[in-house]
Amino acid sequence: IGRLQTQTIGRNIIYFESIDSTNDYCKQKGNDLSHGTVVISEEQLLGRGRLGRAWASPKGEGIWMSIFLKPHIPPLEGTKLTQIAAAAVCSTIRNVVGIDTLIKWPNDIVFNGKKLCGILTEMSAELNEIHYLIVGVGINVNTLYFSEEISDVATSIAVEIGKTVDRKTLVTNILKVFEELYEDFIIKGSIKKTIAICKEFSAILNKKVNIIRGNSIKEGLVIDITEEGNLLMLMENGEKEVIQSGEVSVRGL
Ligand code: BTN
């Protein structure tokens, strides 16, 4: 990767032609890795998504990378890193590719209703301390063919704009924005900037969605994304409720 414009994020890059999963690699190495290390692979043989799902990561077609961090923040704030990553991906795609993708809070980035990017943030932590945190980002960039099972729900940048895109340019820009938003968070203790971007690119703000918690499904209107990165919802019974990421799935767009 040339032209990197960051201070810490991606200063150390570990590159693979092939690996099981960049997130799993980070987990295996744990604290042997330094803060800001970026692990990136041309393909993943066992790419993982949320909820134990598989994440297709064909060779050379996408960005399959993990950002390894050691933030001094309470473990409960770890989910904010997902939103920092989502904001970095959406604003980069707008600036580099010229299309506006949308964030399906908190983990998915979609275009025309189909998923284009997923984020899997995992951490090793005790009650009060994060040992390390891994932000796994998978972006379908140049994939032109999706299998029948997923072609209704998945897309790529190339499919949407009709031409391929340089992955290095995307990676360098994503890491640059990620670092800016991350530093802003660590220095100020707030993710205001990130939330402003997440709201601008939100797929669910001012929409009715289903909030799925275990076996219960409730419908509500998303009226805000708070400065903490939670959803402020107006529920069917007329009451307002704050929904934290991690505890729920959002459906029905
Ligand atoms: C999801 O949408 O469920 C999250 C997908 C996350 C995929 C990325 S690709 C790089 C990193 N390594 C993995 O095994 N998964 C994440």
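In what order do the seven strands of the open sheet lie? In this predicted model, the order is β1-β2-β3-β7-β6-β5-β4, and the pairing is mixed. The two edge positions belong to β1 (13-16) and β4 (102-104); each has a single partner strand, so one side of each is left without a neighbour in the sheet. On average, neighbouring strands of this sheet are turned by 20° against each other, with direction ignored.

Within the sheet, β6 (residues 114-125) and β7 (residues 130-140) run antiparallel and are joined by nine bridges. One end of this pairing is easy to look up in the structure: A125 has I130 in β7 as its bridge partner. Strand β7 also takes part in a helix packing arrangement, since helix α5 (residues 167-188) lies across β2 (38-41), β3 (62-69) and β7. The helix runs at about 30° to β3.

Turning to the whole protein, six helices and 12 strands are found. The C-alpha trace spans about 55 × 45 × 30 Å along its principal axes. How does the radius of gyration compare with that of a compact globule? For 253 residues, such a globule would have a radius near 18 Å, and the 17 Å of the protein agrees with this. Of the 253 residues, 51% count as buried. Contacts between residues 24 or more positions apart make up 62% of those with a separation of 6 or more.

A closer look at single residues may start with E42, which sits in the loop between β2 and β3. Is E42 buried or exposed? Its relative accessibility is 14%, below the 20% limit, so E42 counts as buried. The side chain of E42 makes a polar contact of 2.8 Å with the side chain of Y15. Leaving out residues up to four places away in sequence, E42 touches Y15, F16, E17, S57, P58, K59, G60, W64 and R167.

K218 offers a second charged-residue example to inspect, this time in strand β9 (residues 216-225). K218 is partly exposed, with a relative accessible area of 33%. A polar contact of 3.0 Å links its side chain to that of E241. With residues up to four places away in sequence set aside, the residues touched by K218 are V209, N210, I211, R213, M235 and E241. As a sense of distance across the model, K218 and A56 are 162 residues apart in sequence, and their C-alpha atoms are 31 Å apart in space.

The cysteines come next. A disulfide is a covalent bond between the sulfur atoms of two cysteines. How many disulfides are counted here? The count comes to zero. For C90, the closest cysteine sulfur is that of C198 at 7.5 Å, which is too far for a bond. C117 is in no disulfide either, and the nearest cysteine sulfur to it, that of C90, is 7.6 Å away. As for their surroundings, C90 is buried, with a relative accessible area of 0%, and C117 also counts as buried, at 0% relative accessibility.

Some backbone details round off the picture. Most residues other than glycine have a negative phi, and most peptide bonds are trans. Against that background, the peptide bond from W105 to P106 is cis, with omega near -5°. P106 is in the loop between β4 and β5 (108-111). Where does N112 lie? N112 is found in the loop between β5 and β6, and has a positive phi of about 50° although it is not a glycine. With a relative accessible area of 62%, N112 is exposed.

A positive phi is also present at N206, where the value is near 65° in a residue other than glycine. N206 is placed in the loop between α6 (192-200) and β8 (208-213). N206 is exposed, its relative accessible area being 58%.

Notes:
Residues numbered from 1 in each chain as written. Predicted model: local features only at pLDDT ≥ 70, side-chain atom pairs only at ≥ 80, totals over all residues. Heavy atoms only, no water. Pairing = 2+ DSSP bridges. Helix = DSSP H or I, 4+ residues; strand = E, 2+ residues; numbered from the N terminus. Axes fitted to C-alpha atoms, helices over the stretch in contact; angles between N-to-C directions. Contact = heavy atoms within 4.5 Å. Buried < 20%, exposed > 50% of the residue type's maximum accessible area, 1.4 Å probe, protein only. Polar contact = N/O pair within 3.5 Å; in protein donor to acceptor, adjacent residues only side chain to side chain. Disulfide = S-S within 2.5 Å. Rg over C-alpha atoms; globule rule 2.2 N^0.38 Å.
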